[in-house]
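Open the structure in your viewer and keep the selection tool at hand. The tour goes stop by stop.

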Amino acid sequence: MYSDRASHFWLTPKAGEMVDRQRLTQVGRAMRELGIEMIPAYSPQARGRSERNFGTWQRRLPQELRVRGITTKEEANHFLRESYIAECNRKFTVAAGQPESAFVSVGGKDLERIFTLQHERVVNRDNTISFANRVLQIERTRWRGTLAGCRVLVCQHLDGSLSVYYGPHLVGRFAVPQEEEKALDQSCGKDAALGNPAKDAGFPLSHSFSNNTVPFR
């Protein structure tokens, strides 16, 4: 994946210098688990194709909406789905030099787990986890009485729910409360801080769990 050096793709110790390939962002970690090599762009020219594409959308699309008198989000989405995207593909698509597909199978990878925000935690003596000012209770498992002192992985999903893994074992799931679901539906998630592994950032930072643990529905 060829990308710019935005903070959600790469961690750069000093502005303008080489990216740190050892300290991965959430995006970098997901790409590594999928076996996708990431390549950072070090010059504006390297991003020319994507920038030209942005220009097409930013300059052309608003004029198309204006000419058709489209003023609402619902009307705009309908226009995109039913007309504009197909028209753009017809006008701007360039046939590939080699027609064969380069896509490969995911090979049985757990995509639901890979595409999460992941945070490592140590289980407390009472078999709980402290996460984002909340306490999550892990139930006993049949193969181990307690996980106290063990390192576990807390995975935050797109819908705000949490899952907790000890190695390959799923040891806990916690759902977003109903009062939070409406807020999740209304958010575009632009305040997600994927590039800062030190923070317990959710997909939107403004969405949090209640002070009590919530059983997964």
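In which helix is leucine 111 found? Select Leu111 and look: helix H4, residues 111–114, holds this leucine. Keep in mind that the model is predicted.

**Stop 1: a nonpolar patch**

Stay on Leu111. This leucine is partly exposed, because its relative accessible area is 34%, and partly exposed covers the range between under 20% and over 50%. Now add Val106 and Phe115 to the selection. Together with Leu111, they make a nonpolar surface patch of about 230 Å².

**Stop 2: the whole chain**

Zoom out and switch to a cartoon view. The protein has 5 helices and 8 strands. Trace the elements from the N terminus. The order is β-α-β-α-α-α-β-β-β-β-β-β-α. Next, colour by accessibility. Of the 217 residues in the protein, 33% are buried.

**Stop 3: the largest pocket**

Which residues line the largest pocket? Select Arg49, Ser50, Arg52, Asn53, Phe54, Thr56 and Trp57, then add Ile85, Cys88, Asn89, Phe92 and Thr93. That is the lining. Two elements give two or more residues to this lining: helix H2 (48–67) and helix H3 (73–92). Helix H2 gives the most, with 7 residues.

Show the pocket as a volume if your viewer can. The space comes to about 450 Å³. Colour the lining by class. You get 5 nonpolar, 5 polar and 2 charged residues.

A word on how such spaces are found. Rolling a probe the size of a water molecule over the atoms shows where empty space is left.

**Stop 4: inside helix H3**

Select Tyr84. Its place is in helix H3. Is tyrosine 84 buried or exposed? Tyr84 counts as buried, because its relative accessibility is 1% and the cut-off for buried is under 20%.

Add Leu61. Tyr84 and Leu61 are 23 residues apart in sequence. In space, C-alpha to C-alpha, the two are 8.3 Å apart.

**Stop 5: salt bridges**

Side chains of opposite charge can pair when their charged atoms come close. How many salt bridges does a search of the whole structure find? The count is 7. Visit three of them.

Begin with helix H3. Select Glu87 and Lys91. Their side chains meet in a salt bridge, at 3.3 Å from N to O. The two residues are 4 apart in helix H3, so about one helical turn separates them. Glu87 is buried at 17% relative accessibility, whereas Lys91 is exposed at 52%.

Move on to Arg68 and Glu64. This salt bridge spans 2.5 Å, N to O. Glu64 is buried, with a relative accessible area of 15%. Arg68 is partly exposed at 42%. Now add Arg60 to the selection. Arg60, Glu64 and Arg68 are linked in a network of salt bridges.

Finish with Asp20 and Arg23. The closest N and O atoms of this salt bridge are 3.9 Å apart. Asp20 counts as buried, at 17% relative accessibility. Arg23 counts as partly exposed, at 49%.

**Last look**

Keep the pocket lining selected and show Tyr84 as well. Helix H3 holds Tyr84, and helix H3 is also one of the elements that give two or more residues to the lining of the largest pocket. Then turn back to Leu111, in helix H4, where the tour began.

Conventions: Residues are numbered from 1 along each chain as its sequence is written. This is a predicted model: local features need pLDDT of at least 70, side-chain atom pairs count only at pLDDT 80 or more; totals for chains, interfaces and linings use all residues. Side-chain values use heavy atoms; hydrogens and water are left out. On a 1 Å grid over the protein atoms alone, a cavity is a set of points where a 1.4 Å probe fits but cannot get out, and a pocket is an open set with protein on both sides within 12 Å along at least five of seven lines; lining residues have an atom within 4 Å of a point. Grid points are joined across faces, edges and corners, and a volume is the space filled by probe spheres set on the points. Ala, Val, Leu, Ile, Met, Phe, Trp, Tyr, Cys and Pro count as nonpolar, Asp, Glu, Lys and Arg as charged, and the others, Gly among them, as polar. Patches are made of residues with over 30% relative accessible area and no salt bridge: like charges are joined within 9 Å, nonpolar side chains (Val, Leu, Ile, Met, Phe, Trp, Tyr) within 5 Å. Accessible areas come from the Shrake-Rupley method with a 1.4 Å probe; for residues, only the protein chains shown count as cover. A salt bridge is a side-chain nitrogen of Lys or Arg within 4 Å of a carboxyl oxygen of Asp or Glu. Buried means under 20% relative accessible area, exposed over 50%, partly exposed in between (1.4 Å probe, protein chains only).
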